[in-house]
Every structure is written in structure tokens, then in C-alpha cells.
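Reader: I'd like to go through this one with you and hear how the labels were earned. Can you show me what we're looking at?

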Amino acid sequence: IRAWQPGTTRESALLTDLGCYEDLTVRRHLTSSAVHKAGFDWLCYWLIQRVGERVGALAWFDTYSPPGWAERFNRDAFFDTDPRIDFACRFDWPLAWDLQTLFGQHTSRVGAAAAKRFVAGAVQVGAQSGVTFGLQTERPFEHAIVTLSSAQPDRRWITDATIGEAYAIGVSLHSFIEPRIDQLLPDWQISVPTDIQRSMLRCVSQGLSNREIAEQMSMSVHTVAYHLRQLEKRFDALNRVQLAYIAGRILDD
């Protein structure tokens, strides 16, 4: 696996071209041509919500993806298996990969059986090597992930110039798509229904215990516990620590 620091981002001519044409067929042709010219077969662009190592929601823009790959990725929960997701969410630079090196280093973490299923599926659709990177969005816990892939089994064909082209294409597509799509994933900043629960989240983010929250909000400890269980369920938090982390992010603390 090789990571690459892009330095100064190059703006691809693709972004300008996409803005010049209203016809969807022309836009698809322009993007597909750019992907193939850079040496790749497929491009996957998706948005995820992720807290810790857990993916809570996913939206896939699959126009240039291998046929059926998005459906299988979701059905087989490959978002829990794919180590590229963790890299793209943690780092700001592209990752050049192939399946052998990708899972040779991470099989113990994801499990040999899960890794084997992922590799078999990726080989079947012709996505054996490529470049993956994450891009920022304005919403908490949301990540845009771009993967350009090829059927070539070894990543040695991927040069620094290839990575640069992949990054430019991905940034251009992201810059074009993001302002033009509706909200695809739940907005956690507006999903707290009551002032009581919002105040309770703020208390949790400050590290207060249930008894301290009850005293501050003039309610019973049992009522506090009930609301916290509802909040953990709403935000898919696995425990109180994770709920406190989520609370801090969505309340901008």
C-alpha cells in the first residue's frame, strides 16, 4: 500500500467541462473518458456517516461503478470489511492499493472469511487495484470517499502521475456533485427532537453523571436514564462515551 501527499491540488479540466453541459449523456461520457484515460476501469463515489469504526449510513453514486457492486457491498456489509474506508476517513491523501497488499496487512482485523468474500467479489467485478481517498464535507461524521479501480491485479502500474490524475478526477466530481444533490444521509444536527434531549446531550458531552443531570434538570434519575437510552438508540451509539462524542460534535462543543 502506498500513500501519496498531493501537495497543491490540481484542478482537472473535467470540473469545467461538467459545468458547461446540461446533457446527462455528455457528462457521463466526459467522466468515463477521463477515468479510462487515467488508466482506470471504474469510479465509485459514496458518502458515509461513520462514528469510530462503525458505518451508520451510506449513500452510493454508482453511475461509474461496476454493475451490481454497490448492492453487494451493502448486502454483504463490506463497509465493515474494507480497510480503505478507515484510511480515507483518517487521512487527507490518496492511497494506492491492490487486493493482495490491502488484505495481507489487515486480514487479522477484519477476519479471514470476510476478507476472502470481499476479495472474491472485487475480483469478480474487476476492481483489483486502484486509488482511494477521502474528501471533506460540511456535515459532522460524514465523509465522501472516492475509489478509482482497475482489473490489473498488481498496483505497480500506479505511478505518482496516475495518483495525481485520480485525485484531480475525484476532486472535480466531488466539487460538481456535492452542491447539486439533496441531503442523502440523516442530518444529526437537526435530529434531536426536544429541548430537553438537547440539554441532556449537552450535559453528557460535559461528562455529567445521570444523578448530576437529574439534579441540574430537576427530574428523576429514572427519567434521565430513559432519555439517554432513547438518544443512544437514535444515534446508534454503542455506549455513553460514544454518545458524549456524538453530542459534542452535533452541538459544536
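Reader: Where do aspartate 86 and arginine 90 lie, and how many residues apart?

Author: Both sit in helix α4 (residues 83-90), four residues apart, about one turn of the helix. Helices here are DSSP runs (H or I, at least four residues) and strands are E runs of at least two, numbered from the N terminus. Before we go on: this is a predicted model, where local features need pLDDT of at least 70, side-chain atom pairs count only at pLDDT 80 or more, and totals for chains, interfaces and linings use all residues. Residues are numbered from 1 along each chain as its sequence is written, and side-chain values use heavy atoms, with hydrogens and water left out.

Reader: What makes aspartate 86 and arginine 90 a salt bridge?

Author: The rule asks for a side-chain nitrogen of Lys or Arg within 4 Å of a carboxyl oxygen of Asp or Glu. This pair comes in at 2.7 Å, N to O, so the label fits. By this rule the count comes to six salt bridges.

Reader: Why is aspartate 86 called buried or exposed, and what about arginine 90?

Author: Buried means under 20% relative accessible area, exposed over 50%, and partly exposed in between (1.4 Å probe, protein chains only). Aspartate 86 has 19%, so it counts as buried. Arginine 90 has 51%, so it counts as exposed. Elsewhere, salt bridges that share partners join Arg72, Arg75 and Asp76 into one network.

Reader: How do you know that aspartate 76 pairs with arginine 72 and with arginine 75?

Author: The closest N and O atoms are 3.1 Å apart for arginine 72 and aspartate 76, and 3.6 Å apart for arginine 75 and aspartate 76. Aspartate 76, at 26%, is partly exposed, while arginine 75, at 58%, is exposed.

Reader: What makes the largest cavity a cavity, and how much space lies in it?

Author: On a 1 Å grid over the protein atoms alone, a cavity is a set of points where a 1.4 Å probe fits but cannot get out; lining residues have an atom within 4 Å of a point. Its volume, the space filled by probe spheres set on points joined across faces, edges and corners, is about 100 Å³. The structure holds three cavities of 30 Å³ or more.

Reader: Which residues line the largest cavity?

Author: There are 14, of which Cys44, Trp69, Arg84, Ala127 and Thr147 lie nearest its centre. β2 (42-51), α3 (69-75), α7 (112-125) and β6 (142-150) each supply at least two residues of that lining.

Technical notes. On a 1 Å grid over the protein atoms alone, a cavity is a set of points where a 1.4 Å probe fits but cannot get out, and a pocket is an open set with protein on both sides within 12 Å along at least five of seven lines; lining residues have an atom within 4 Å of a point.
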